[in-house]
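Colleague: I should like to learn how to read the features of a model such as this one. May we begin with the chain and then proceed to the details?

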Amino acid sequence: MSDLLGSILKTMEKPPSIGTREEHKKQAEHLRKLEEESKQQLSKFRKQIEERIDKFINDGRQSSYKFETMDKVHRTILHDVADAAELTAFSFGLENIDRHTVVYKHDSVPSEEELACLRRGEVYDPERERLKKVLEAKEEIDSLKKRKNQVPTSDYHEKYQHLIGKDAGVKAAIAAVPNQSFGIVPSSLKRDQRSIEETLNDMKKKKKHRPESQSNLPEEEIISSSANDHSDERKADSEDG
């Protein structure tokens, strides 16, 4: 138990000495003085900005007022003073280089085009911006006319000829050559060219006149026999002719 308490006491920090406490008090006092001085300086800066803003408002010859380069803290105070005076303020330039604020009266607030130009670091030229708009409108009209006059590619082969070629499908569209091994036989080469009605009528006639020895023949043989007889009749008619 004593070993445990001893190890805990060793790990605990020792209470600060009298000299250390006095140093901490001096540091805290120094920081407090610095903060107080910073507040006084910012308060003095704000009063100066208020005086400059009031002078700008009372000057009827000025529509805008450009302030010098400032850091972010001082620009924030400037914006607060401008808002309190019901003025419009914009900041331009690069941070830590040439970032500055310009205050405008109500009748001279810049347009979006002028603001975009100033933010790019360019000098705003109304005539140049007007010509730029005219050229953009003309280009848009020309583009619409070009799309309107363009005929859409609706043919499949024209649309995909760079992939499948111009002769794709031509061979497939040619009529198939008759091939008995696959059962593709044109009607002109068929042995029996009768219609279904003619075949049934011939079967009925054959059935009426056939002898009793053939009464038990299957129907397939009857049809085959009828087809052969009909083919023989056609041959005989062609020879007579």
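Colleague: Which pattern of helices and strands does the chain follow when read along the sequence?

Modeller: Helices (H or I, at least four residues) and strands (E, at least two) are DSSP runs, numbered from the N terminus. Read along the sequence, the pattern here is α-α-β-α-β-β-α-α-α-α-α-α. In total, the chain has nine helices and three strands. This is a predicted model, in which local features need pLDDT of at least 70 and side-chain atom pairs count only at pLDDT 80 or more, while totals for chains, interfaces and linings use all residues. Residues are numbered from 1 along each chain as its sequence is written, and side-chain values use heavy atoms, with hydrogens and water left out.

Colleague: In what order do the strands form the sheet?

Modeller: Two strands are taken as paired if DSSP finds at least two bridges between them. Here the order is β1-β3-β2, in an open sheet of three strands with antiparallel pairing. Because β1 (64-66) and β2 (88-92) each have a single partner strand, they stand at the edges, and one side of each is left without a neighbour in the sheet. From one strand to the next, the twist averages 20°; such angles run from 0 to 180 degrees between N-to-C directions, with axes fitted as lines to C-alpha atoms, for helices over the stretch in contact.

Colleague: How many bridges join β2 and β3?

Modeller: Strand β3 (residues 100-104) pairs with β2 over five bridges, in the antiparallel sense. Within this pairing, S91 has T101 in β3 as its bridge partner, and A89 stands opposite V103 in β3. Helix α3 (residues 72-84) packs on the sheet and touches β2 and β3, a contact being heavy atoms within 4.5 Å. The direction of α3 makes about 160° with that of β2. Helix α4 (residues 112-119) also lies across β2 and β3, but runs at about 30° to β2.

Colleague: Why is β2 described as largely enclosed by the rest of the structure?

Modeller: Accessibility is read in three classes: buried means under 20% relative accessible area, exposed over 50%, and partly exposed in between (1.4 Å probe, protein chains only). Four of the five residues of β2 are buried, and the strand is therefore largely enclosed. For the chain as a whole, 15% of the 241 residues count as buried.

Colleague: How should one read a charged side chain such as K105: is it buried or exposed?

Modeller: Side chains of opposite charge can pair when their charged atoms come close. A salt bridge is a side-chain nitrogen of Lys or Arg within 4 Å of a carboxyl oxygen of Asp or Glu. K105, in the loop between β3 and α4, is buried and yet has no salt bridge. The nearest side chain of opposite charge is that of D59, 6.1 Å away; Lys and Arg count as positive and Asp and Glu as negative, whereas His and the chain ends are not counted. A polar atom of the K105 side chain does lie 3.3 Å from the backbone oxygen of F56. Leaving aside residues up to four places away in sequence, K105 touches F56, I57, D59, G60, Q62, S63 and L87.

Colleague: How many salt bridges are found in the whole structure?

Modeller: The search finds nine. One of them joins R46 and E50, whose closest N and O atoms are 3.6 Å apart. These two residues are separated by about one helical turn, because they are four residues apart in helix α2 (residues 18-58). R46 is partly exposed at 30% relative accessibility, as is E50 at 34%. D142 and K138 likewise meet in a salt bridge of 3.3 Å, N to O; they are four residues apart in helix α5 (residues 126-149), so about one helical turn separates them. Another salt bridge links R120 and E122 at 3.3 Å.

Colleague: Finally, which side chain does D71 join in a polar contact?

Modeller: A polar contact is a pair of N or O atoms within 3.5 Å; within protein, one must be able to donate a hydrogen and the other to accept it, and residues adjacent in sequence count only if both atoms are side-chain atoms. D71, in the loop between β1 and α3, has such a contact with the side chain of H74, at 2.6 Å. With a relative accessibility of 38%, D71 counts as partly exposed. D71 and R99 are 28 residues apart in sequence, yet their C-alpha atoms are 7.6 Å apart in space.
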